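Work through the exercises below with the structure in view. Each task is followed by a solution in steps.

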Amino acid sequence: MTVDHYTLFREALDAPERAQKTILFADLSGSTEMKEKTAELTWLPTIGKFLDITVTAITAHGGCVVKYLGDGTMAVFDGDLPANALCAAIGIQEALDEDRNLHDRFARVGIATGSVVEYEAPGGGLDYVGSVVDLAARLCGASSPQAIWADSNTVSAANMNKVSSKIGRALGYAARDYLSPRDEKVELKGFANPVVYREVIWHRGAFGVANELMTEKIDRSQAQHEQPLRANTPLSGPADTLEGVVTRWDPVLGRGFISTTAHGDHYVDRRYIANGEDLTQGQSVRFVPMQPAREGVRPIAGCTVQEGHVVHGTFHRVFPDRKFAFVDVFDTRGNRQSLHVFLGEDMAHSRPGEKVFLKACRNRQGISGQLIGTQSAGETTDDHNS
């Protein structure tokens, strides 16, 4: 039987009221690469297990699976249940994190709330279209592995007192601790203006490590369009960054490789390490992705910072009222990245341009910086590594 989609959507649009729903998309990160590198016998059960996990978490919190999208799931919750959608997303991430058979498989989750077009699908059941559905799908695609991104409507409507995670309960999280500290922005395909979102903090910190850098970059770009450029005004914000794990390091040659979940392997050597020290295999790093030196070789990890290393840098932007700042660090080739750091009371009056030492550590912003102190004249990084 041929379906008249025009009439189907026309009738849905003519409905007296649009349905208010919360839409959730969950996608298995790195599934395309997994299919390319492993046999169908290996990856097909993995996707099946992932879909089982999403169904269990979604239905347990009052949602309904609308459809499967190959290696992903689309779900719907009633418009008055946005907190349930957040809890379902946390349930998906926790189940993946705990399942030893899926230890290296991660999910991306995007959630949006608002008015949708509800219609009866040709195969039976209800389906949904509209900008809110598109937004949830785009947030899912743009988020980092293990991250949960929710649009501002979802955050505003959700009763965060109903949201919790296993680690949050163990560490005594308050309701506000389950959301990234401030609104973040991201540019999404199909949306004219940057989209405001918050990351749901279900673990010990945020997985969207470039959240604030991305937001700052968008704010800087918008400010440049709103007012004329002055002499010496920088034309770009802090570079976008990725996180990965050192999979190989040769201390004699001073070079190796970094593996990422969604962006493949990157080459690195001492020239591209922020403090010039050797990297440690198995350790987490944050770096600026760069073009390969020549065609056919891996891209380069510039300005690489390893978790636990001490680096020196310069205050780039300082927000004393919010108790955080961005510190620029450089490699020997002049590549830069900005590390998010929290300011203690003794550093609240810091100024841009001031030189500081910091230790790379993991917090809610991913790999960030922990301030050690200011850099006095004649001091070197080695003084603080000893």
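The exercises go from the whole chain to helices, then to single residues and ring pairs.

The model is predicted, so local features need pLDDT of at least 70 and side-chain atom pairs count only at pLDDT 80 or more, while totals for chains, interfaces and linings use all residues. Residues are numbered from 1 along each chain as its sequence is written, and side-chain values use heavy atoms, with hydrogens and water left out.

**Exercise 1. The whole chain**

Task: State how many helices and strands the chain has, and what share of its residues is buried.

Solution: Helices (H or I, at least four residues) and strands (E, at least two) are DSSP runs, numbered from the N terminus. The chain has 9 helices and 18 strands. Buried means under 20% relative accessible area, exposed over 50%, and partly exposed in between, with a 1.4 Å probe and protein chains only. Of the 386 residues, 47% are buried. Contact means heavy atoms within 4.5 Å. Among contacts with a separation of 6 or more, 62% join residues 24 or more positions apart.

**Exercise 2. Two helices**

Task: Compare the span of α4 with its expected value, and find where the buried residues of α5 lie around its axis.

Solution: The expected span of a helix is 1.5 Å times one less than its number of residues.
- Helix α4 (residues 82-98) has 17 residues and should span 24 Å; its end C-alpha atoms are 25 Å apart, which agrees.
- In α4, 12 of the 17 residues are buried, so this helix is largely enclosed by the rest of the structure. Among them are Pro82, Leu86, Ile90 and Leu96.
- Helix α5 (residues 131-142) has 12 residues and reaches 16 Å from first to last C-alpha, close to the 16 Å expected.
- The buried residues of α5 are Val132, Val133, Leu135, Ala136, Leu139 and Cys140. They cover an arc of only 160° around the axis, so they lie on the same side of α5. The arc is that of the directions from the helix axis to the C-beta atoms.
- The face turned away from the buried side of α5 carries the exposed residues Ser131 and Gly141.

**Exercise 3. Two buried polar residues**

Task: Find which side chains make polar contacts with the side chain of Asp328, and which with that of His309.

Solution: A polar contact is a pair of N or O atoms within 3.5 Å; within protein, one must be able to donate a hydrogen and the other to accept it, and residues adjacent in sequence count only if both atoms are side-chain atoms.
- Asp328 is in strand β15 (residues 324-330). Its relative accessibility is 9%, so Asp328 counts as buried.
- The side chain of Asp328 makes polar contacts with the side chains of Arg336 (3.3 Å) and Ser338 (2.3 Å).
- His309 lies in the loop between β13 (300-306) and β14 (310-319). His309 is buried, at a relative accessible area of 10%.
- The side chain of His309 makes a polar contact with that of Glu277 (3.5 Å).

**Exercise 4. Aromatic pairs**

Task: Count the aromatic pairs and classify the pair of Tyr173 and Tyr178.

Solution: Rings of Phe, Tyr and Trp (its six-membered ring) pair if their centres lie within 6.5 Å; planes under 30 degrees apart are stacked, over 60 edge-to-face, and the rest tilted. The count comes to 5 aromatic pairs. The ring centres of Tyr173 and Tyr178 are 5.3 Å apart and their planes stand at 70°, so the pair is edge-to-face. Phe324 and Phe326 also form an edge-to-face pair, 5.9 Å centre to centre with 85° between the planes. Both Phe324 and Phe326 are buried.
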